[in-house]
Amino acid sequence: MTNPNPASGSPDKEPATEAQEARSEARATPTAPAGDTERAVTTTAPKQPPAEGPRPSLGRLFLENLWAANTVTVTVLAVVLAMLVGAVLIIVSDPEVLATYGYITARPADALNASWTVVSEAYANLFKGAVFDPDAVGFTAAMGPISETLTYTAPLVFTGLSVALAFRGGLFNIGAQGQATIGVILAAVAGFALPLPPGVHLLVALIAGALGGALWGFIPGILKARTGAHEVINTIMLNYVAVYFLSWIIVQSGVQNPTRSDAISKPVESSAQLPRLLGDDLRVHAGILLAVLATWFIAWLLNRSTLGFELRAVGANPDAARTAGISVTKTYVLVMVIAGLLAGLGGSNMVLGSTANALTPLVIAQIGFDGILVALLGRVKPWGVLLAALLFGALQAGGNRMQSYSGISLELVTVLQALIVIFIAAPALVKAIFQLRAARAARLQTSLAKGW
Amino acid sequence: MSTTAVPDVAVTAVDEGFWTRARKAGAVLLGLGVLAAVLFGALATDQQARFTLSETEGGAALEINGTVGAILFGVIAAAAGAALLAGVPKRWFTLLLGAGLVAFVLSFLCWQVSAAPEGRNFMPLVNVLRGTFVLALPLIFGALAGVLCERSGVVNVAIEGQLLMGAFSGALFGSISGSVWVGLVAAAIGGAFISLLLAVFAIRYLVDQVVMGIVLNLLAVGITGFLYERLMATDAAKYNSAPRFSNWEIPLLKDIPLIGPALFRGNIFLYLGLLLVLVIHLALFRTRWGLRTRSVGEHPTAADTLGVKVLRLRYRNVIMAGLVAGVGGASYTLALYSFTKNMIGGKGFIALAALIFGRWSPTGALLAALFFGFADQLATYLGAIGSSIPSQFLAMLPYLATILAVAGLVGRVRAPAADGKPYIKG
């Protein structure tokens, strides 16, 4: 449909099919060699027909691929580029540093030193908050950053998987935010309203959250299947319906915390909370284990199950899938239900984990929208989503420290995340900037979403 | 939207058989009307429901007994629904549906106003009308930006980001220069900056346009939020105290009752917004540029064959859209409020809804934006009179209406055929 590459890949392949990449690369950079040669590059020496010359050594292959536009290289360079732009933002928004640029011709060292100090300090804090602080003493302090990173990662894995799964089925689920919102409402209500024993209570709350998300995914799914209404529009609209529903339900009696006058619900009972993994002082909780489990399950579902095959077939070419006897309508509904279920679990994580224990208007933050970025960064593959969520979780955790220690506001993290995905989504741009050689698997296939 | 996507649907939205679109709408309207007559009639009180033609309780007013009004208008709505259900010529459809919906709203208002506490049981129509336009204004600019983009085949989900960036740069440069006009130009350029990114990545690098729009929204939230914290929050006097456009009263016209105070005592943005609707409507349907834009949005290959520069036209239209949306963002910061983080708060997405609800036409977008603005204003009003209707449910109205519209329940909407599809010359 809107796919610029007329040949849709077979459903057995990963979404970024080589043939498509080769073609799009060739189109984006007219000087690049023809498609077949490009594919050969990844397996043999560059610009040589496969038959000629001795096979290059493993080390040489590695070095050659290092500067080719493969997934890892493009991702790393995208992060580097994003951080460079971030550094510029930090410098231009710091009046003191900016003042040194007033006399840069007279004393250039001043300007450079001041810039370097402010930027390096900010990014050092980002790292210390996300991974490891060399000055930390004791187990809790040393594990703190990792614990924070994993706490932020867990819900992003769920929403990222939600978006990625829908992408693979040919649908663009912008509604993870709304699905997570309904999920968090039901999970929280089940968490404080039901008198259940520990363990069972947690399970019931998680299921309630998942069902809430599934319901919110079902609506655009059935509308798409029955009327052809575009899921992008409907999920955007449902996001806002969910937001208003949340802000309404928080202040209802029976939900609102009776001891408070502001918009906050009763707290979730401890019997419904996810257990903490590393003691009470560290926030990391069992949600991250569930996230890994969900990743494994979705990977299995996509690559090993009948449903996954049908889903990928519909995503690659609905007409062909229908001809082959797959019910496209049923698949669309099912994809959106599962996607909603995952997003609902992501929302549940926010209130059953250690991030919050009661509903507030901003309880799920941006996890739904971040999930879109995570899915794109993870190249819409389950394990890729997990890694991408880890990077985003780390940025979030480090951003908190950067804000409190360096006074660089948390929004810089949003900028970095958006920029990373922009550079990922346009690998031709990254390639052009760094003069990378063409290689396979660099182009993110984002044209899965059909136009309106 | 594209009903072509799924042929094996159980219910196709084709007008066939007994349940045509008119009959479905009629059945829904009949149900609403009966509900209004019975429920609103029962809940309304015997007090007079006053609709004053001023900003206060006094002055000329339309009055009707609450119960009588609620039942009467409910019956009118039901009658319109019944007429549609019985089957009327197609040309009556829009009129009857419109009249029925208006009657339903009036029935609702009769109930609400008459049931309001003593001293507050009146509705100042001037305030409501003016509020409707004020609240609709950013939606009008945003939806027009959408029209310009999408009519030429580029999906614009980044309206939110364009409005936000416009609001921010308007506030920033307006404050630094101390001039509203510099602020206005800067706001337009700020909006165009986001749409330029959209254009480059969508047209040059063929990135999916919806993806790009979503990412650009986040980017705009990030950049403006970051610079707000760094600059405006630390030195608001220097960076966030933009001068504001004063209201311009138009002689003679301002004295027309009801419409005058609401429409002809506004600021430059109100006049500019309404003028732009007219200009873009005429340009789109009466000029060479408009014909080319529409043809590029529907069938770029054919347009290219006839010598239209498809990509250049798309670039130009997308950037123009950014200029328009940027001015829309400035309608906040150069007229009403100082800049705050994420101050657009989803208005860009309601503008997108207005664009779709208005079927991708400037006038349709204007009407949809006014409808959404009215719903917004009504929520404020009902909150002020202590209504039992939660304002959140009224706030949901635009989104629910759009879902119904897209699902083909209110009327068929169809996007430009090439909307969202990158064009590769070949």
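In the predicted model, strands β1 and β2 of chain B pair in the antiparallel sense over 5 bridges, where two strands are said to pair if DSSP finds at least two bridges between them, and where helices (H or I, at least four residues) and strands (E, at least two) are DSSP runs numbered from the N terminus. Within this pair, Gln48(B) stands opposite Asn65(B) of β2(B). Strand β1(B), which covers residues 48-52, also pairs with β3(B), here in the parallel sense and over 3 bridges, and Arg50(B) stands opposite Phe122(B) of β3(B). In general, strands of a sheet pair through backbone hydrogen bonds, in either a parallel or an antiparallel manner. The 3 strands of chain B thus make up an open sheet of mixed pairing, in the order β2-β1-β3. Because β2 (61-65) and β3 (122-124) of chain B stand at the edges with a single partner strand each, one side of each is left without a neighbour in the sheet. On average, neighbouring strands of this sheet are turned by 15° against each other, with direction ignored; the axes are lines fitted to C-alpha atoms, for helices over the stretch in contact, and angles run from 0 to 180 degrees between N-to-C directions.

Residues are numbered from 1 along each chain as its sequence is written, while chains are lettered from A and ligands numbered from 1 in the order in which they are written. As this is a predicted model, local features need pLDDT of at least 70 and side-chain atom pairs count only at pLDDT 80 or more, whereas totals for chains, interfaces and linings use all residues.

Chain B as a whole contains 16 helices and 3 strands. Its C-alpha atoms fill a box of roughly 65 × 60 × 40 Å along the principal axes. The radius of gyration of chain B is 23 Å, which agrees with the value near 22 Å for a compact globule of 426 residues; this radius is taken over C-alpha atoms, and the globule rule is 2.2 Å times the number of residues to the power 0.38. Chain B is divided into domain 1 (21-115) and domain 2 (127-406), with bounds that come from an automatic or database domain assignment, and the C-alpha centres of these two domains of chain B lie 32 Å apart.

Chain A is likewise divided, into domain 1 (13-125 + 409-452) and domain 2 (146-404). In chain A, 21 residues of domain 1 are in contact with 22 residues of domain 2, contact meaning that the C-beta atoms of two residues, placed from the backbone, lie within 7 Å. On the domain 1 side of this contact, α17(A) gives the most, with 8 residues. By class, that side has 15 nonpolar, 5 polar and 1 charged residues, where Ala, Val, Leu, Ile, Met, Phe, Trp, Tyr, Cys and Pro count as nonpolar, Asp, Glu, Lys and Arg as charged, and the others, Gly among them, as polar.

Between the chains, 52 residues of chain A are in contact with 53 residues of chain B. The residues on the chain A side divide into 33 nonpolar, 14 polar and 5 charged.

The mean pLDDT of chain A is 82, with 83% of its residues at 70 or more, pLDDT being the predictor's confidence in each residue, from 0 to 100.
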